[in-house]
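The report below describes the chain shown here. It moves from charged pairs to the nonpolar core and then to helix packing.

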Amino acid sequence: MGDSFHDQLLEDSRFLRADRRLDTELVDKLILQLNRIYPQILTDKEATKFRDLDVPTCVRLAELLAHLQGKGEEACREFYRALHLHVEEVYFSLPTRLRLRDSIDPFTTAASPTQQRYVLNDRGHMFFLSCFSVAVGVALLHYYDKAKVTRGSRALGMAALGLGRRAREVLIWYTEDPIRK
């Protein structure tokens, strides 16, 4: 966990080069941040070279990362600071950041954040529809008066259409129950 920023940038370089969220505009923002705030890290001449739009963004980013690794620890740290400032969602999805976050919070599972977000939806849409149908059926039963519920009640018949076999049997039993009449 005590990795230097240089080592972290070596590990994160492959991810950064492959991440499509780092488009031309964001790479330019990172270059300008490093050039304006820390001219000792990225001189005007170097910034101009890395901002050349004739060179594809992925190539410019790869060259920038290699250049920063050659400059040393402080250059790598300032790159992470600029990345955090301008592209926070990429910064927090870096492999070294994820590893650091997982080591700090021992209660997180190995599941991805999207899987954790949709845990309640793991049974699928048919389960939701069947539960919703049961809730509608129970609501219809509850809100109709005893006088309105007759043997041929169309509302209950319509409610039973979308339900499963067991729920349909309960609705039919309820409409045909002689005690209710």
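## Structural report

Arg21 has a relative accessibility of 36% and is therefore classed as partly exposed (buried means under 20% relative accessible area, exposed over 50%, and partly exposed in between, with a 1.4 Å probe and protein chains only). The model is a predicted one, in which local features need pLDDT of at least 70 and side-chain atom pairs count only at pLDDT 80 or more, while totals for chains, interfaces and linings use all residues. Residues are numbered from 1 along each chain as its sequence is written, and side-chain values use heavy atoms, with hydrogens and water left out.

**Overall fold**

The chain contains eleven helices and zero strands (DSSP runs numbered from the N terminus: helices are H or I of at least four residues, strands E of at least two). Along the sequence, the pattern is accordingly written α-α-α-α-α-α-α-α-α-α-α. Of the 181 residues in the chain, 31% are buried. Among contacts with a separation of 6 or more, 62% join residues 24 or more positions apart (a contact has heavy atoms within 4.5 Å).

**Salt bridges**

Side chains of opposite charge can pair when their charged atoms come close. The count of salt bridges in this model is eight (a side-chain nitrogen of Lys or Arg within 4 Å of a carboxyl oxygen of Asp or Glu). Three of these pairs are set out below.

| Basic residue | Acidic residue | N to O distance |
|---|---|---|
| Arg21 | Asp19 | 2.9 Å |
| Arg51 | Asp28 | 3.8 Å |
| Arg81 | Glu78 | 3.3 Å |

In the pair of Arg21 and Asp19, the arginine is partly exposed, whereas Asp19 is buried at 12% relative accessible area.

Arg51 and Asp28 form a salt bridge that links distant parts of the chain: Arg51 is in the loop between H3 and H4, Asp28 is in helix H2, and 23 residues separate them. Arg51 is partly exposed, with a relative accessible area of 35%, while Asp28 is buried, at 12%. Both residues also belong to a network of salt bridges that includes Arg60.

Glu78 and Arg81 lie three residues apart in helix H5, so about one helical turn separates them. Glu78 is buried, with a relative accessible area of 3%, and its partner Arg81 is partly exposed, at 44%.

**The nonpolar core**

The largest nonpolar core comprises 27 residues (buried Ala, Val, Leu, Ile, Met, Phe, Trp, Tyr and Cys residues joined through side-chain atoms within 4.5 Å). Leu9, Leu16, Leu22, Leu68, Phe79 and Leu83 have the most contacts inside this core. Two or more core residues are contributed by each of helices H1 (5-18), H2 (24-37), H3 (44-50), H4 (57-71), H5 (73-86) and H6 (88-91). H5 supplies the largest share, six residues.

Leu22 can serve as an example from the core. Leaving aside residues up to four places away in sequence, Leu22 touches Leu16, Val27, Leu30, Thr57, Leu61, Leu83, Val87 and Val90.

**Helix packing**

Two packed helices are described by the angle between their axes and the distance between the axes. H1 and H5 pack with their axes 9 Å apart and at an angle of about 50° (axes are lines fitted to C-alpha atoms, for helices over the stretch in contact, and angles run from 0 to 180 degrees between N-to-C directions). H1 is therefore oblique to H5 (under 35 degrees counts as roughly parallel, over 145 as roughly antiparallel, 65 to 115 as roughly perpendicular, and the rest as oblique). The crossing of H1 and H5 is left-handed (the near helix is turned anticlockwise from the far one by less than a right angle; clockwise would be right-handed). On the H1 side, Phe5, His6, Gln8, Leu9, Asp12 and Leu16 take part, and they meet Glu73, Cys76, Arg77, Phe79, Tyr80 and Leu83 in H5.

Gln8, located in helix H1, is buried at 10% relative accessible area. Residues up to four places away in sequence aside, Gln8 touches Asp3, Tyr80, Thr96 and Arg97.

The axes of H2 and H4 come within 10 Å and cross at roughly 25°, so these helices are roughly parallel to each other. Their crossing is left-handed. Thr24, Val27, Asp28, Ile31 and Leu34 of H2 make the contact with Thr57, Arg60, Leu61, Leu64 and Leu68 of H4. Asp28 and Arg60, which take part in this contact, are also members of the salt-bridge network with Arg51.
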